[in-house]
Amino acid sequence: MTTLAFIVVAVVWLFASLYFRHRLALAAGLGAGLAVVGWLTPVNVLAAVVVSIIAAVLVALSILPLRRRVLTRPLFAAFAAHLPKLSATEREAIDAGTVGWDGELFSGRPDWRRLVDRPAPALSAEEQAFLDGPVNELCRLSDTWNINHSWNTVPEHIIRFVRRNGFLGMIIPKRYGGLELSAYAQSQVLVRLANAGGGVTYLVGVPNSLGPGELLLKYGTEAQKDYYLPRLSSGEEIPCFALTAPTAGSDATSIPDTGVVCRGQWQGREVLGMRLTFNKRYITLAPIATLIGLAFRLRDPEHLLGEESDLGITLALIPRATPGLDIGRRHLPVGDAFLNGPVRGKDIFVPLDDIIGGPAMIGKGWTMLVNCLSVGRAVTLPTGAVAVGKRMLKGSSAYAVLREQFGLSLARFEGVQQPLARIAAFAYIIDAARSLTIQSLDHGEKPSVPSAIVKYHCTELARCCALDAMDIHGGKAVMKGPGNYIVNAFESIPVAITVEGANILTRNLMIFGQGATRSHPFALKEMELAQRVGEPGALAEFDRVLFRHIGATLGNTVRAFGMGLTGARFAAVPGDPSLRRHYQTLDRLSAAFAVAADVAMLGLGGRLKFKESLSARLGDMLSALYLGSLVLKHHENAGCPHSERPAVDWALAYLTHAWQEACVEFLRNYPARGVARALRLLLLPLGARLRGPSDAQSFALAQAVTTDTPLRERLIDGLYDEDGLNNPLTHVDRVFRERLELEPLFQRLREAIKARRIRKLQGVELIKAARRHGVLERDEARRLFAFDARLMEVINVDDFDAADLCRKPYDPADDTCLPDGLRAAV
């Protein structure tokens, strides 16, 4: 064998062993054989020596007793000293979730078949009937303008309808009188109710998210379930959940509200109970709630329950009629007028039986909360973002066609096509992420990391959609009134950005912060083993996990480098052949992400949790992979219609470029500069070559959503679509479709103007001139006159008598609103 051939074979041996993750013994055996060949044939001595050394190391590592004594034991001690200890709070947060597709992406070798083969989410006939019946009826009853402006509250007739028709019991099983809808069906209900505004949506959504109903289902005693769940299902009880305190918002573990175990009088007898003192704010539905879920820290200073004094966070149910409970005045949230306010109490006595789950659940409140949050966060807020994306696209794509400037519809201007494309692609991404993450709930998963991803990214993308829609509509969007279908979403999106973990917290601490331990295939097990140094069997188990981890990291490094050089063109992926390049790119980026995550976790250890900007960028990389994967799956679920490709291609270009930008910023700011340079060479061997969406892609996507196409229909599917004074969005869409039908007549007018048969006029005057000069027949002119009237209803904005805008009439003689020092001046 020649030296060159020997070196090529050696490189192939090493590359294949790592890329395909061969067992150590197999790799060592192949290496030993290759070393023997090197010494028995006339090859370069240095090459033979290098291969022999590598083979000898692999052989030594294959001898378990030797490896564990010489290498694993000191590494075990070093890991125990280096790896961060899991706090009780972190442990509970991690245990609250399950690992799904996020774990596949963290592995660096995602099993794409597992994703592709998952069935598409669907509604049952019963669920569809509920949507087409009570949900549509609730939309007909709701008047968003009056709720938000005239009344600034949800009227009693809406609340009665919601209670009587089971909306408060969508998650409750039928045996308790509930509707027992799937998570996907609940989401579809909330998408349709978006037309009714945030006041009605939160009235329905909050009781079916984090609150007494879900907590009772998971943790309540049988007696509590039998009593409360039927009452919640029938609407006899309206629930709320009081968690946030003035000094403990996102940091819910710092709850200052307290309960003290003591004896007291309850319904005429002395019982063991708790004396509660609390001050809660931002509590949705508090103004009308009859049953308040409460989170507090329970203490037992007299040791009536045991030796512990601080028993931990505990959850209880407090009926509104409880003496001393104070439901304060309403808050005034930004945007939609949903019911929200403070809840307070001082030295309120309740029995221990009011604890959700009874005394056995004392101190387990944080576990209960994070368990339910990982579910609720995946439904309500991403669904709200879906509704925003769909509504902004439906209105903006229609208005851009109907509104003309400089003789052209807005949809023909490149400056408008760019935001239209963003809205369309973002709506597609949000819907894919929402529907497929929610589907995992119906399969029994508790996707804590994916729920954080969709909460953050869906609400942020929805914010972008609302901003772009405002720009496209211009003055139409900034004038409030019953005909404005844009401004409510624009004003209300900060609520979704803020609640259930503010987005800054979610991005910087939760996505990768939880994913680094929960979703990583080895990290959590290593952290657990590092706390068992000296225990029987711990060293052997650590050795097994550690070398699997090392093998995976080396394999991912080789895969990332190899696929980076080849553009992943040889990666084997399933799915529709037309999507092959997208799957291959994500496959490559998953391997690169896994390497970056391992290097950061090993190099920074416990310090990584304090490097929030680095953690956030790793989270952005994971999120881009997760969202891109679900975009492909969403497209596969539809049968990969060619009509959707403009949205799919734009979305994947955007997400992979976002991954690259996050990776570059991570490497640019990684503190160990030598490591960062080596990583850049390995992960981006040909440089940052992924490009975002091109102008041509944006223009193609904008054109696809400004005509009546299957893509546009899918993107706006699920919204309430009945005509009515309370649904201006459907009105603009109807006028848009009419405009498309009348295009031949408008084309005839343009040709007549170009031929100078008629002058260049507008609206009614143009139609009259065309009729006079024989360009239009009488019936054609009538159709255009009727269309023009409907068009002006869309383009015009609402105006009001001054008295109609005053919630509280202004009295010139009333100077109580003036500071004392200014009263004399006026």
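**Exercise 1.** Determine how helices H1 and H22 are oriented to each other.

*Solution.* H1 and H22 are roughly perpendicular to each other, a class that covers angles of 65 to 115 degrees. Step 1: take the elements, helix H1 (residues 3-19) and helix H22 (residues 538-566); helices are DSSP runs of H or I with at least four residues, strands are E runs of at least two, and both are numbered from the N terminus. Step 2: take the angle, about 115°, and the axis separation, 7 Å. Axes are lines fitted to C-alpha atoms, for helices over the stretch in contact, and angles run from 0 to 180 degrees between N-to-C directions. Step 3: assign the hand; the crossing of H1 and H22 is left-handed (the near helix is turned anticlockwise from the far one by less than a right angle).

The model is predicted: local features need pLDDT of at least 70 and side-chain atom pairs pLDDT 80 or more, while totals for chains, interfaces and linings use all residues. Residues are numbered from 1 along each chain as its sequence is written, and side-chain values use heavy atoms, without hydrogens and water.

**Exercise 2.** Find what the salt bridge between Arg-344 and Asp-326 ties together.

*Solution.* Step 1: apply the criterion, a side-chain nitrogen of Lys or Arg within 4 Å of a carboxyl oxygen of Asp or Glu. The N to O distance for Arg-344 and Asp-326 is 3.5 Å. Step 2: locate the partners. Arg-344 is in strand E7 and Asp-326 in strand E6 (residues 326-327), so the pair ties together parts that are 18 residues apart in sequence. Step 3: check the cover. Arg-344 has 34% relative accessibility and counts as partly exposed; Asp-326 is partly exposed, also with 34%. Buried means under 20% relative accessible area, exposed over 50%, and partly exposed in between (1.4 Å probe, protein chains only).

**Exercise 3.** State whether Arg-434 is buried or exposed, and describe its salt bridge with Asp-431.

*Solution.* Step 1: the closest N and O atoms of Arg-434 and Asp-431 are 2.5 Å apart. Step 2: the two residues are three apart in helix H16 (residues 414-442), about one helical turn. Step 3: Arg-434 is buried at 2% relative accessible area, and Asp-431 is buried at 9%.

**Exercise 4.** Place Asn-152 and Asp-347, given their positive phi.

*Solution.* Step 1: recall the background; most residues other than glycine have a negative phi. Step 2: Asn-152 has a phi of about 55° and lies in the loop between helix H9 (144-150) and helix H10 (156-164). Step 3: Asp-347, with phi near 55°, lies in strand E7 (residues 340-351). Step 4: Asn-152 is buried at 18% relative accessible area, whereas Asp-347 is partly exposed at 42%.

Conventions: Angles under 35 degrees count as roughly parallel, over 145 as roughly antiparallel, 65 to 115 as roughly perpendicular and the rest as oblique.
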